[in-house]
Amino acid sequence: MPLAVCRKLGVPEAGRAGSWACPLRMRCSHVLPRRHGPLLRPVSTMLRISVFQALRLLAASRVPLLGGPGARCYGSGGPTVGSNAAHPHDFFTTPIFYVNAAPHIGHLYSALLGDALCRHRSLRAPSGAAARLSTGTDEHGLKIQQAAAAAGLAPRVLCDRVSAQFRRLFRDAGVAATDFFRTTEARHQEAVQHFWEVLAARGLLYKGLYEGWYCSSDECFLPEAKVTRQPGPSGESCPVSLESGHPVSWTEEENYIFRLSQFREPVQRWLRSNPRAIVPEPFHRLVLQWLEEELPDLSVSRRSSHLHWGIPVPGDDSQTIYVWLDALVSYLTVIGYPNAEFRSWWPASQVIGKDILKFHAIYWPALLLGAGLNPPRRIYVHSHWTVCGQKMSKSLGNVVDPVACLDRYTVDGFRYFLLRQGVPNWDCDYNDEKVVKLLDSELADALGGLLNRCTAGRINPSGTYPAFCTACFPTEPGSQGPAVRAQAEDYALLNAVAALPEQVANYYDNFQIYKALEAVSSCVRQTNGFVQRHAPWKLSWESPRDAPWLGTVLHVAFECLRVFGTLLQPVTPSLADKLLSRLGVSAAERGLQQLFFLPRFYGRQCPFEGRRLGPETGLLFPRLDQSRVRMVKAQGT
């Protein structure tokens, strides 16, 4: 067989010492004709920040706050690759989580990222648009089969038990998933087998003998270059995965093979034509680096005698479909595949951890292209959580229980911490002291203190949204007049808060939720500075000179708080609801479409002016001092 053909099919060239040989050595029992799937070239569309639409013809520009009359408006910031604001449906997915162990904070972080992205998209969506979030559990494969045997349980019993833990955790953490999916559902078997038959009909599957390394912990096949040796428990040298450190074993069996090598160039072209198909950018660059190497064909089944806990290959019960092909198709199953309805939701925006990047950024797009479907709209990749600088593991006893954290720090508090401190580009570190310090500083003191001060009965005895006085705070900075009280720093605050929704939207588009929260926190600090600077508690409602300015200071503070509450809804939904309810903002007034900041500043009517505030419900976020944390810890031991 010619060397070029050997390389394409993963077969070593016979009779040549030292010749190239693929570690996945496959001797084909038959070879089907090559057929490429269609190459997708997604067309990017204008992503409108739906808060303000007055500048649609000037989408790439931002109008200065003080540039003229009219309510504060935003441009879209230009086209965003991978976005599709004109599409009536937006579909977000988290990974489906493996049920061989109980959930930890890394699983919760993935789910919260997907939840926040979906919630923010819903806030900015025009009327009639819809956003959908799916999550769930991956329940097939050798690892599940082995874990169930070790526990003395049937695989189904183990899956039911652990899947329920994931479902309960996400429900308690406020993850508003529209679908919680399990790969053991009957509809999924139908979808996977249909997907398989499509690949077979397109000539993309063949049967061959696989000889190479397999890692059951990672459920993946490994080339020789990705295997190293480390001392085992008895000091002997043992082969392990270079990337994960998990043990690998030599495997020889007849499997079905997917012609992955045909899709190296199509996947490369897809990524190069869509520089934001994978974010953050370093992961996009990493995948392109992987694709510079040979891409051997991929085994997509295992012997049923070895792996019985899975979906049978159509027409061949001696083979079980490989767990990763099974799991990846779940993103289609949940939206109705193979029925036509799935097309109104696909392609999806997918959140994944960096440890499963290769499966989602190379294998999954190739499989989709092979089946005649579009690759994902965007793949959002995040890194992992460590504890005090160490990787979480049962042996070290440092696994963080997310259920205990939700109870200790509140649901909104722990959601805020993970999304505020989690940086997708690199691993993030967890410790209890850091959680307490952040939440006390930003939620209890800065945001909660601002709301409490401005709604206090002594400062706001009428319990209303006070009026704004344009004579005290004229549109043009530097204006002169006996009533003018506004200072240069006050105009800087208005500019910052007015620009905040667009800034936050751009951060969400770039998968930088932590930066969005940092921007909100910065504006909260500026607003506290504004209130502190003008000290409304030193002003009197009885004074004809003070009263208009006192009302203006509170009105500006309430308007800033209304923006903060609106923008925090995707991250801290209950806290944001409490804040907006206290300001008297109705449910119909909480979308980004309705978010017109400080309309009275531009001579427009403000629907909130004169409205009664909502009822007092106590502190927005109580402080979490160290003594309380220690007490909770002691009670749990």
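**Sheets, buried positions and salt bridges**

Strand 13 and strand 14 (residues 316-321) run antiparallel and are joined by two bridges, and within this pairing Pro312 has Thr320 of strand 14 as its bridge partner. The model is a predicted one, in which local features need a pLDDT of at least 70 and side-chain atom pairs count only at pLDDT 80 or more, while totals for chains, interfaces and linings use all residues. Residues are numbered from 1 along each chain as its sequence is written, and side-chain values use heavy atoms, with hydrogens and water left out. Helices (H or I, at least four residues) and strands (E, at least two) are DSSP runs numbered from the N terminus, and two strands are said to pair if DSSP finds at least two bridges between them.

The pairing of strands 13 and 14 belongs to an open sheet of three strands, ordered 12-14-13, in which the pairing is antiparallel. Its edges are formed by strand 12 (301-303) and strand 13 (312-313), each of which pairs on one side only. Another open sheet of three strands has the order 18-17-19, and here the pairing is mixed. Strand 18 (390-391) and strand 19 (428-430) are the edge strands of that sheet, each pairing on one side only. Strand 17 (residues 385-387) runs parallel to strand 19, with three bridges between them, and Thr386 finds its bridge partner in Asp429 of strand 19.

Strand 9 takes part in two further pairings. With strand 5 it runs antiparallel, joined by ten bridges, and Glu211 stands opposite Glu252 of strand 9. Strand 9 is also joined to strand 11 (residues 298-299) by two bridges, again in antiparallel fashion, and Ile257 stands opposite Ser299 of strand 11.

A salt bridge, meaning a side-chain nitrogen of Lys or Arg within 4 Å of a carboxyl oxygen of Asp or Glu, also connects residues of strands 5 and 9: Lys207 forms one with Glu254, the closest N and O atoms being 4.0 Å apart. This pair links distant parts of the chain, since Lys207 belongs to strand 5 (residues 205-215) and Glu254 to strand 9 (residues 249-258), with their positions 47 residues apart in sequence. Residues are called buried under 20% relative accessible area, exposed over 50% and partly exposed in between (1.4 Å probe, protein chains only). By that scale Lys207 is buried, with a relative accessible area of 15%, whereas Glu254, at 37%, is partly exposed.

The structure holds 30 salt bridges, and among them is the one between the side chains of Asp490 and Arg533, at 2.6 Å from N to O. Asp490 lies in helix 13 (residues 488-509) and Arg533 in helix 14 (residues 513-534), so this pair ties together parts of the chain that are 43 residues apart in sequence. Asp490 is buried, with a relative accessibility of 0%, while Arg533 is partly exposed, with a relative accessible area of 32%. Elsewhere, Glu139, Arg156, Asp160 and Arg182 are joined into one network by salt bridges that share partners. The side chains of Arg171 and Asp172 form a salt bridge as well, at 3.2 Å from N to O; Arg171 is exposed, with a relative accessible area of 57%, and Asp172 is partly exposed, at 37%.

Asp326, found in helix 8 (residues 323-333), offers a contrasting case. Counting Lys and Arg as positive and Asp and Glu as negative, with His and the chain ends not counted, Asp326 is buried yet has no salt bridge, and the nearest side chain of opposite charge, that of Arg156, is 11 Å away. Its contacts (heavy atoms within 4.5 Å) are with His140, Thr183, His188, Val192, Ile311 and Ile321, not counting residues up to four places away in sequence.

Thr135 is found in strand 3 (residues 130-138) and counts as buried, at 2% relative accessibility. Leaving aside neighbours within four places in sequence, Thr135 is in contact with Thr94, Pro95, Phe97, Phe170, Ala177, Asp179, Phe180 and Phe181.

Helix 7 (residues 281-290) has Phe283, His284, Val287, Leu288 and Trp290 as buried residues. These residues cover an arc of only 155° around the axis, which puts them on the same side of helix 7, the arc being that of the directions from the helix axis to the C-beta atoms. The buried residues of helix 7 pack against helix 6 (264-273), strand 10 (278-279), helix 9 (357-370) and strand 16 (378-382).
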